[in-house]
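Reader: I am new to this structure and would like a close look at one part of it. Please start with a salt bridge and say how open to the surroundings its partners are, then move on to whatever can be described in similar detail.

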Amino acid sequence: MARERSGRTVAHLVLATRLKVLREAAGLSLKQAACALGAHPATVRRIEQAQTSLDAGQVSALLRAYGAAAAETEDFLGKLASANAPGWWHPWRSVMDPWELDLMSVESAAGIVRTWEPALVPALLRTPAYARAVDDVLRPDLSPAARDRRTELLMERQERLRTQQTRIWAVMSAAALYTRVGPPDVMAGQAEALRAAAERPDVTLQVHPLDGPPHALTGKPPLTLFRVEVPEISDHVVREGGLAGTADVWDAPETVTAYRLLLDYSCATALHPDKSKEVLALP
């Protein structure tokens with residue numbers, strides 16, 4: 001039975017990747033592997049891309065076809081239940097966009113999250129009131145209740161990243177400090193929260209001043225790069241800024257590297273974190 005749509009978990013991605021590695025090591029094509037299942041090659045592709053839950057019968061058949069050792073098979077099958085369990089974000093799945101569902105597993109495995117925001121405060125540093133006010137403007141397609149749930153999810157993401165000691169490295173335009181989001185008390189609360197975040201050891205915050213020259217990310221939409229600590233999971237980059245609820249997501253090494261370099265160049269010309277704190281302290 002296919003998994004209820006809630007996105008891939010880290011354990012699911014790891015096992016799916018292991019299946020692909022074992023198939024390739026055995027020198028079998030997708031078509032040959034599919035013959036072992038009596039299925040279409042697309043079925044094997046979906047299994048390897050973690051687009052469907054891992055069925056014990058199918059996995060056993062594939063492992064036999066790949067010549068997996070008994071210990072490998074036992075270890076693999078022992079991890080199926082964990083891999084097929086819903087992710088922690090499952091309760092919020094109804095208000096998440098499809099790309100967000102699949103990216104939660106990557107975020108949960110990230111050692112560092114790098115982000116660029118051209119006009120707003122980076123999402124992972126937003127207060128609940130500021131985040132809700134942003135969604136009021138950018139997500140008119142959602143009901144007020146759905147926007148409330150999305151704010152809850154963002155706060156849970158922030159807390160989990162702090163708990164797993166993920167480093168947040170954000171670069172933003174000073175324009176965000178002057179773009180009115182919500183009433184004055186919302187902006188004041190967000191400014192205070194940014195100042196507090198800049199003092200955290202797990203946060204690096206850099207600001208591009210309003211009177212600064214163009215930089216590598218000038219004119220670019222919001223970007224997030226996930227540097228993943230799990231070998232079986234690729235680093236990912238997400239580019240938002242299109243239609244509501246959509247984003248471009250890449251994990252190809254050459255694309256991730258290209259965007260990482262843009263972030264590097266932009267950070268190199270942004271204010272030093274200590275100087276950025278001075279900008280944040282201005283009234």
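Author: R239 has a relative accessibility of 27% in this predicted model, so R239 counts as partly exposed, since that class runs from 20% to 50%. The salt-bridge partner of R239 is D248, and the closest N and O atoms of the pair are 2.9 Å apart. D248 is also partly exposed, because its relative accessible area is 34%. Side chains of opposite charge can pair when their charged atoms come close.

The pair of R239 and D248 belongs to a total of 25 salt bridges in the structure. Another joins R200 to D202, with 2.7 Å from N to O. Here both partners, R200 and D202, are buried.

A third pair is R139 with D141, where the closest N and O atoms are 2.9 Å apart. Its two ends fall into separate classes of exposure. R139 is buried, at 7% relative accessibility, while D141, at 49%, is partly exposed. Both residues belong to a network of salt bridges that also links D97, E100, D135 and R150.

R150 leads along the sequence to T151, which lies in helix 9, residues 144-163. T151 is buried, with a relative accessible area of 10%. Leaving aside residues up to four places away in sequence, T151 touches P128, A131 and R132.

After helix 9 comes a loop that runs to strand 2 (167-173), and Q165 lies in it. Q165 has a positive phi of about 60° although it is not a glycine. Most residues other than glycine have a negative phi. At 69% relative accessibility, Q165 is exposed. A50 also has a positive phi, near 55°, and is likewise not a glycine. A50 sits in the loop between helix 3 and helix 4, and its relative accessible area of 4% makes A50 buried.

That loop leads back to helix 3 and its neighbour. The axes of helix 2 (residues 30-37) and helix 3 (residues 41-48) come within 8 Å and cross at roughly 100°. Helix 2 is therefore roughly perpendicular to helix 3. From helix 2, the residues L30, K31, A33, A34 and L37 take part in the contact; from helix 3, they are P41, V44, R45, I47 and E48. By class, this contact has seven nonpolar residues, three charged ones and no polar ones. Just after helix 2, G38 has a positive phi of about 65°.

Which residues of helix 2 are buried, and which are exposed on its other side? L30, A33 and A34 are buried. They span an arc of only 105° around the axis, so they lie on the same side of helix 2. An α-helix has 3.6 residues a turn, so residues three or four places apart point the same way. K31 and C35 are exposed on the other side of helix 2. The cover over the buried residues of helix 2 includes helix 3, together with helix 1 (10-25) and helix 4 (56-65).

Methods
Residues numbered from 1 in each chain as written. Predicted model: local features only at pLDDT ≥ 70, side-chain atom pairs only at ≥ 80, totals over all residues. Heavy atoms only, no water. Axes fitted to C-alpha atoms, helices over the stretch in contact; angles between N-to-C directions. Helix = DSSP H or I, 4+ residues; strand = E, 2+ residues; numbered from the N terminus. Parallel < 35°, antiparallel > 145°, perpendicular 65-115°, else oblique. Contact = heavy atoms within 4.5 Å. Nonpolar A, V, L, I, M, F, W, Y, C, P; charged D, E, K, R; others polar. Salt bridge = Lys/Arg side-chain N within 4 Å of Asp/Glu carboxyl O. Buried < 20%, exposed > 50% of the residue type's maximum accessible area, 1.4 Å probe, protein only. Arc of directions from axis to C-beta.
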